[in-house]
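Student: I've got a structure to look at and I'm not sure how to read it. Could you walk me through it?

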Amino acid sequence: MRIQLSSGQGPAECELAVGLLYEALKREYPDIKLIDFVQGKRKGGFTSIRFDTSRELRGLEGSVLWICKSPYRPEHKRKNWYVDISVIEEEKRITEEKLVRYETFRSGGKGGQHVNKVETGVRVIHIPTGTAVVSTQARSQHMNKQLAMNRLCEILAERNLDCDRKEKNLAWMEHNRLERGNPVRTYEGMEFRRRKKQRAENKREK
């Protein structure tokens with residue numbers, strides 16, 4: 001499961017809360033693996049952090065409240081800082097390893113009778129997607145197989161790049177979606193202590 005922590009459009013205190021929340025979740029769920037992050041305005045702060053986990057954490061989706069006096073602005077009256085936890089649906093990546101079928105056939109064109117009698121043309125088919133690439137330009141089956149496979153890898157790589165773009169666009173939309181109020185969790189102080197009484201959704205975390 002892919003999770004994003006975000007400060008939304010919040011100030012540096014919200015960005016710090018993102019960093020503190022990530023560290024707290026890492027202690028709680030040791031299998032968390034960092035994917036990427038966007039550094040905040042100050043050290044230790046982040047506008048967003050994305051990570052993977054094998055846990056089912058949909059019950060955590062929503063806003064998180066951090067109650068703490070600003071460590072940056074001592075005279076500031078505000079003590080409530082909100083960050084967002086979002087589940088980012090992963091786009092399926094396309095792989096070619098062990099999922100390819102080769103077909104050979106007689107190719108026409110330049111090369112005379114030799115080309116027409118020998119199966120030098122190659123068709124490479126990516127079985128999961130049905131994507132097929134044909135190569136007949138080389139005079140040997142071996143070379144056509146390489147050319148077709150190279151082209152297939154280029155096509156699959158481009159599709160995976162599109163998946164990355166879609167996922168990042170979704171993450172950016174979630175980054176700007178931060179809702180304040182009715183938090184799924186509440187933490188207090190610079191020690192980032194979690195309040196025990198939480199919303200009923202947290203019962204589904206594990």
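Tutor: Let's go through some cores, a buried residue and some ring pairs. Keep in mind that this is a predicted model.

Student: Okay, what should I know about nonpolar cores, and which residues touch the most other members of the largest one here?

Tutor: The general idea is that in soluble globular proteins, nonpolar side chains tend to be buried together. In this model, the largest nonpolar core has 27 residues, and Leu 5, Leu 21, Leu 25 and Trp 66 touch the most other members.

Student: Which helix or strands supply at least two residues each?

Tutor: Helix H1 (12-28) does, and so do strands E1 (2-6), E3 (46-52), E4 (62-67) and E5 (80-88). H1 gives the most, with 8 residues. Apart from this core lies another one, made of 8 residues, including Val 133, Ala 148, Met 149 and Leu 156.

Student: Let's zoom in on Trp 66. What is Trp 66 in contact with, leaving aside its neighbours within four places in sequence?

Tutor: Quite a list! Among them are Glu 13, Leu 16, Ala 17 and Leu 20, then Lys 79, Asn 80 and Trp 81, and also Tyr 187, Met 190 and Phe 192.

Student: Phe 192 has a ring too. How do I read a pair of rings?

Tutor: You describe a pair of aromatic rings by the distance of the centres and the angle of the planes. The whole structure has 4 aromatic pairs. In one of them, Trp 66 and Phe 192 are 6.0 Å apart centre to centre with 55 degrees between the planes, a tilted pair. The two residues are 126 residues apart in the chain: Trp 66 is in strand E4, while Phe 192 is in the loop between strand E9 (185-188) and strand E10 (193-194).

Student: And why is the pair of Tyr 187 and Phe 192 stacked?

Tutor: Their planes are at 15 degrees and their centres 4.2 Å apart, so that pair counts as stacked. Both Tyr 187 and Phe 192 are buried, and Trp 66 is buried as well. Together, Trp 66, Tyr 187 and Phe 192 form one aromatic cluster.

Student: Can charges come into it? Which ring does the charged end of Arg 42 sit over?

Tutor: The ring of Tyr 72, at 4.3 Å from its centre. Likewise, the charged end of Lys 145 sits over the ring of Tyr 102, 4.6 Å from its centre.

Student: Last one: is Asn 144 buried or exposed?

Tutor: Asn 144 has 0% relative accessibility, so it counts as buried. You'll find Asn 144 in helix H3 (residues 141-175). Beyond its neighbours within four places in sequence, Asn 144 is in contact with several residues, including Thr 120, Gly 121, Val 122 and Ser 135.

Definitions and conventions. Residues are numbered from 1 along each chain as its sequence is written. This is a predicted model: local features need pLDDT of at least 70, side-chain atom pairs count only at pLDDT 80 or more; totals for chains, interfaces and linings use all residues. Side-chain values use heavy atoms; hydrogens and water are left out. A nonpolar core is a set of buried Ala, Val, Leu, Ile, Met, Phe, Trp, Tyr and Cys residues joined through side-chain atoms within 4.5 Å. Buried means under 20% relative accessible area, exposed over 50%, partly exposed in between (1.4 Å probe, protein chains only). Helices (H or I, at least four residues) and strands (E, at least two) are DSSP runs, numbered from the N terminus. Contact means heavy atoms within 4.5 Å. Rings of Phe, Tyr and Trp (its six-membered ring) pair if their centres lie within 6.5 Å; planes under 30 degrees apart count as stacked, over 60 as edge-to-face and the rest as tilted. A charge sits over a ring if NZ of Lys or CZ of Arg is within 6 Å of the ring centre and within 35 degrees of the ring normal.
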